[in-house]
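User: I'm new to this one. Please walk me through the labels and the reasoning behind them.

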Amino acid sequence: MAGQQLALTVLMGLVLVGVAALLTRIEDWRQYTPLAGGSAVAVGEDTGYGHREKPSGVIRWLTTVDHKDIGILYGVFALLALAIGGLMVMVMRFELITPASDVVSAQFYNALLTSHGITMLFLFGTPIIAAFGNYFVPLLIGADDMAFPRINAIAFWLLPPGALLIWGGFLVPGIAPAQTSWTMYTPLSVEQAHVGADLMLLGLHLTGVSATMGAINFIVTIFTERGEDVNWANLDIFSWTMLTQSGLILFAFPLLGSAIVMLLLDRNLGTLFYAVGEGGGPILWQHLFWFFGHPEVYILVLPPMGLISYIIPRFSGRKLFGFKFVVYSTLAIGVLSFGVWAHHMFATGIDPRLRASFMAVSLAIAIPSAVKTFNWITTMWNGRIRLAAPMLFSIGFISNFIIGGVTGVFLAAIPIDLILTDTYYVVGHFHYIVMGAIAFAVFAGIYYWFPIFTGKMYQRTLAKWHFWLSMIGTNVTFFAMLLLGYMEMPRRYASYDMVTVGPLEAQTLLHQAATVGAVILLVGQVIFVWNVVSSWLDAPKVTDTDPWDLKQSGLFTREFGWHADRLTAADGGEQQTVTDGGEKHEATDSPQPGDTEA
Amino acid sequence: MSVRTVNRGRRVVLVVYLVVIAIAGLMGAILGATRPDIVDPVLFGVVQLPASPLGMAAYGMITVGIAIGVLLGAVAYVAARFDTHEPGGE
Ligand code: HEM
Ligand SMILES: [Cu+2]
């Protein structure tokens with residue numbers, strides 16, 4: 001036994017040495033550091049990165065290090081994950097139509113619940129933000145590419161194996177998927193023997209490594225690769241939020257990685273990190289998890305807030321009101337978000353003084369969020385609003401964010417939380433934010449920049465259907481959940497025929513309403529997919545260099561400058577011999593009506 | 001295309017404001033109808049309202065309406081005083 005292990009260890013060591021040797025042979029790493037000088041490479045110069053000639057077909061996508069291609073890869077991956085996570089939850093919603101557990105088994109329901117949460121947060125949320133960041137941050141700040149294009153590619157390519165591992169319990173026949181819920185609370189997560197849980201933890205670890213690499217890349221890019229005319233004072237709001245978010249990732253995700261490794265060791269090697277008695281106990285896991293987990297919710301919400309701050313002015317015909325305060329509130333949220341984690345642990349019996357201080361900080365963090373909302377609304381107040389699809393989704397964001405935020409403030413009050421914790425109220429609260437706000441901002445961003453990354457325009461009637469179905473579906477589903485919470489319906493159950501609190505008929509009715517809302521949402525998303533795919537394939541090329549009429553209000557920005565250059569460049573191809581941004585675009589035709597609503 | 005009434009912005013904001021209040025009222029009404037046993041609406045801690053659908057709806061709408069209304073008033077004030085951007089706006 002011992003001899004075997006020794007042999008294995010030696011073998012592994014040899015393999016590692018071999019890999020290292022191989023790497024030094026096939027790649028001369030030094031050739032990839034031309035940007036180390038820090039100064040932005042002058043326009044039109046050869047940057048040494050893959051813009052010159054790209055191989056065609058699949059090979060191009062497998063080997064690309066171009067930030068725009070990687071952005072597209074992230075986006076496609078994230079939208080696939082959104083579809084998968086969405087279909088998982090549809091099964092759950094159908095299960096909940098009746099109080100009894102009759103569609104799927106309770107175990108399968110738990111597995112879906114776990115996978116839905118992890119998929120949406122780690123395979124949809126973080127990657128879709130990275131998609132926008134990769135595509136647009138370099139364009140917005142006048143950089144030729146991300147600072148580390150190859151690390152960028154690696155970070156993306158860690159995601160597909162991560163996803164396969166996370167879904168492994170469903171994909172590999174014979175092993176049961178994890179049923180820990182996304183919070184993976186010990187001791188349950190240590191004791192559940194499913195191999196699927198180990199795979200999921202490994203996959204989660206990979207996605208964390210991916211996010212961390214991406215974050216380092218964004219930070220370095222924004223610090224060192226800005227164009228000559230971009231400084232901290234005129235850095236756009238989206239890049240500000242990406243920078244802050246990357247900082248949060250840097251402090252939060254490595255900690256999650258370590259905590260997960262300890263959990264894996266507890267599960268497989270008999271270490272006792274989280275054991276009761278010998279180890280830190282379940283509370284240790286909860287502290288570590290939520291020290292990551294709460295910042296994670298701001299990691300997910302800050303860049304969408306940046307998108308909203310970016311888009312609203314462009315459809316209000318005016319600059320963002322109080323730009324500085326929006327930046328400051330972003331930074332304030334970034335700092336404060338590390339001081340509120342124990343509001344997820346009010347009911348665990350931690351020291352009441354500790355609880356009170358976390359309650360205070362949690363109430364305080366509502367202030368910078370309110371400041372942002374205030375600035376968005378003030379921007380709109382005197383604005384000439386155009387209700388095109390990106391703006392509709394932005395307004396939906398504000399409305400849903402207010403409801404999600406107010407319900408969150410209630411949860412931050414200890415006496416209220418003690419009643420509502422672990423009920424559907426919490427589910428309603430955070431879905432108003434993650435679906436009603438974060439996903440809405442993603443849709444707003446996709447529609448707003450559709451002409452840039454596809455060169456086409458979406459179909460605006462379909463986009464409006466998408467908006468209204470999403471808005472109604474979200475509010476029906478999650479409003480019903482808030483009410484269910486008031487009726488003390490516990491969350492995370494496959495059936496509720498055994499629930500003895502609250503009126504069962506009303507609860508059943510509300511569950512059915514939530515399912516109806518989910519179906520409405522689903523129809524909306526089918527329309528969205530159809531719109532994106534068919535417009536991308538069939539719509540005529542956008543010839544307008546300023547599809548949103550931004551010049552009229554003086555809000556024409558670099559990424560559309562890039563778009564205009566691409567159109568006016570003779571070949572219109574991928575060779576970026578023209579400027580990569582910049583404001584000097586006199587050579588554009590007069591604005592034509594785009595999707596802007598008549 | 002951009003020749004729009006300035007008031008469009010205000011109208012949109014006010015509609016969102018009313019929708020949020022309506023949602024609060026709806027929530028109050030449903031809670032008053034289904035859980036009269038657990039609700040006890042005391043407006044601002046002084047005015048006792050009945051624990052009925054109507055009482056709860058009024059409670060929700062007045063509380064939320066005033067809370068967000070104060071913010072909205074601040075928006076209007078700040079926009080009139082400090083929002084100097086774009087001379088053509090007003
Ligand atoms: C801004 C975006 C926000 C997001 C994305 C978000 C997300 C979440 C999530 C995912 C949970 C549930 C965690 C679980 O599975 O147990 C949660 C719970 C909670 N949220 Fe939020 N939230 C946000 C804002 C807020 C705000 C502004 C507050 C209060 C100031 C707040 C207070 C709470 C509290 C106290 C809980 C714990 C409830 C409980 O489990 O008893 N949240 N939130
Ligand atoms: Cu939190």
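**Why the labels fit**

User: Why does Leu62(A) count as partly exposed?

Analyst: Its relative accessibility is 49%. Buried means under 20%, exposed means over 50%, and partly exposed is in between (1.4 Å probe, protein chains only). So Leu62(A), at 49%, gets the middle label. The residue sits in helix H2 (residues 57-63) of chain A; a helix here is a DSSP run of H or I with at least four residues, a strand a run of E with at least two, and both are numbered from the N terminus.

User: What should I know about the model itself?

Analyst: It's a predicted model: local features need pLDDT of at least 70 and side-chain atom pairs need 80 or more, while totals for chains, interfaces and linings use all residues. Residues are numbered from 1 along each chain as written, chains are lettered from A and ligands numbered from 1 in written order, and side-chain values use heavy atoms, without hydrogens or water.

User: What makes His429(A) a donor of the iron atom of ligand 1?

Analyst: Its NE2 atom lies 2.2 Å from the iron. Donors are N, O and S atoms within 2.8 Å of the metal (3.2 Å for Na, K and Ca), and water is not among the atoms, so sites may look incomplete. NE2 therefore passes, and His429(A) is the only protein donor of that iron. His429(A) belongs to helix H16 (residues 424-454) of chain A. As for the copper ion (ligand 2), 4.6 Å separate it from the iron.

User: How do you know that Thr421(A) makes a polar contact with ligand 1?

Analyst: One of its polar side-chain atoms lies 2.6 Å from an oxygen atom of the ligand. A pair of N or O atoms within 3.5 Å is a polar contact (within protein, one must be able to donate a hydrogen and the other to accept it, and residues adjacent in sequence count only if both atoms are side-chain atoms), so this pair qualifies. Trp182(A) also has a polar side-chain atom 2.9 Å from an oxygen atom of ligand 1.

User: Which helix supplies the largest share of the shell around ligand 1?

Analyst: That's H14(A), with five residues. In total, 21 residues surround the ligand, and a residue is near it if one of its heavy atoms lies within 4 Å. By class, twelve are nonpolar, six polar and three charged.

User: What order do the elements of chain B follow?

Analyst: From the N terminus they run α-β-β-α, which fits its two helices and two strands. Of the 90 residues of chain B, 38% count as buried.

Terms used
Nonpolar A, V, L, I, M, F, W, Y, C, P; charged D, E, K, R; others polar.
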